[in-house]
Each structure stands twice: as C-alpha cells, then as structure tokens.
Amino acid sequence: MNNPNNLRYSKNHEWIGRPNEKNQAYVGITHFAQNELGDIVYLDVENSIIGKTIKVENSFGTIEAVKTVSDLFMPVSGCILKINNKLLSKPELINKSFYNEGWIIQIKIIEFKEYDKLMSSKEYQKFIQKSN
C-alpha cells in the first residue's frame, strides 16, 4: 500500500497532513480505506460543520461506496476550516487521488498530543497487515 511518510494515520483509516505554521492540516481517507470501500459514489460532509470544533474520533460526515456507507472520523480534535467542495460533486476523485486532490476537510489542530499519538507510515502499514 502507498502510505506517504509525511502523513500520520488513525486506526479508523484517516490520514492527516503535517500541520503548517498556523496549525492547519488536511484530512482524508487512506489508500487502504478507499480500496476496501471500492468505488466511492457519494460524500456527505455538511457545510454547517465549518467553524465547529469536533473532538478526536467523532464523526464529521459519511462516505458511500457502491455497497456500503462508512462514517468519517476525526483523527485529532480540530476546528473545521474548509471542505473540499470538488469532492461533493466528484466523490470518485477520492479513488483516484486519495492523498492529493482527495483531501476531505482542512482543520486547525487543537490537540497536538493527539497528533503525536497517530501512527507513522511504517506503524500504519503494520496495523493494516494485522487487520487482514
């Protein structure tokens, strides 16, 4: 699986980018997650979450594939800054570009202790191998 080293990974198969100088980072689902889901057909992330703080492991939306619907979970506590609106009209981009254009939300990280507890690329690779 392709798991970039510059990202951190949650046990719920979300990734988070390295925070910038304003403590902002992008969040999406991993290669493993999109592969398990299959063809993604719908993304439900409400604009009403912009400006809201959502705690770690709480849901911020859902993602729907041909055969299943899954919740999207916050990898860290954060304030929602932006939603990738391109994905709302073209959710299939997540299958094609899960680590680039496929980011789902941008957040301002509130709890850096939570970020530090997330898995590295190597740790996540071991985690998904144990899951299978």
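Select Leu37 in this predicted model. Leu37 is buried because its relative accessible area is 15%, below the 20% limit used for that word. The residue belongs to helix 1, which covers residues 31-37.

Keep Leu37 selected and show what surrounds the side chain. Beyond its neighbours within four places in sequence, Leu37 is in contact with Ile29, Ile63, Ala65, Thr68 and Ser70. For a longer view, add Asn23 and draw a C-alpha to C-alpha distance from Leu37: the two lie 14 residues apart in sequence and 30 Å apart in space.

Next, colour strands 4, 6 and 7. These three strands form an open sheet in the order 4-6-7, with antiparallel pairing. Strand 4 (40-44) and strand 7 (69-73) are the edge strands, and each pairs on one side only. From one strand to the next, the twist averages 25 degrees. Strands of a sheet pair through backbone hydrogen bonds, either parallel or antiparallel.

Zoom in on strands 4 and 6. Strand 6 takes in residues 59-65, and four bridges join it to strand 4 in the antiparallel sense. To find a facing pair here, select Leu43 and Ile63: Leu43 stands opposite Ile63 in strand 6. Ile63 is also one of the residues in contact with Leu37, so this is a residue to keep labelled when going back to the helix, where Leu37 is buried at 15% relative accessible area.

Now select Val66, in the loop between strand 6 and strand 7. Is Val66 buried or exposed? Val66 is exposed, because its relative accessible area is 60% and the word applies over 50%. Add Val41 and Tyr42 and switch to a surface view: with Val66, they make a nonpolar surface patch of about 290 Å².

The last stop is another set of strands. Select strand 5 (residues 53-54) and strand 8 (residues 78-83), which run antiparallel and are joined by two bridges. In this pairing, Thr53 stands opposite Cys79 in strand 8.

Then add strand 9, residues 105-109. How many bridges does strand 8 share with strand 9? There are five, and the pairing is antiparallel. To see one facing pair, select Gly78 together with Ile109: Gly78 stands opposite Ile109 in strand 9.

Technical notes:
Residues numbered from 1 in each chain as written. Predicted model: local features only at pLDDT ≥ 70, side-chain atom pairs only at ≥ 80, totals over all residues. Heavy atoms only, no water. Pairing = 2+ DSSP bridges. Buried < 20%, exposed > 50% of the residue type's maximum accessible area, 1.4 Å probe, protein only. Contact = heavy atoms within 4.5 Å. Axes fitted to C-alpha atoms, helices over the stretch in contact; angles between N-to-C directions. Patch = residues over 30% accessible without salt bridge, like charges linked within 9 Å, V, L, I, M, F, W, Y side chains within 5 Å. Areas by Shrake-Rupley, 256 points an atom, 1.4 Å probe, with all protein chains shown as cover. Salt bridge = Lys/Arg side-chain N within 4 Å of Asp/Glu carboxyl O.
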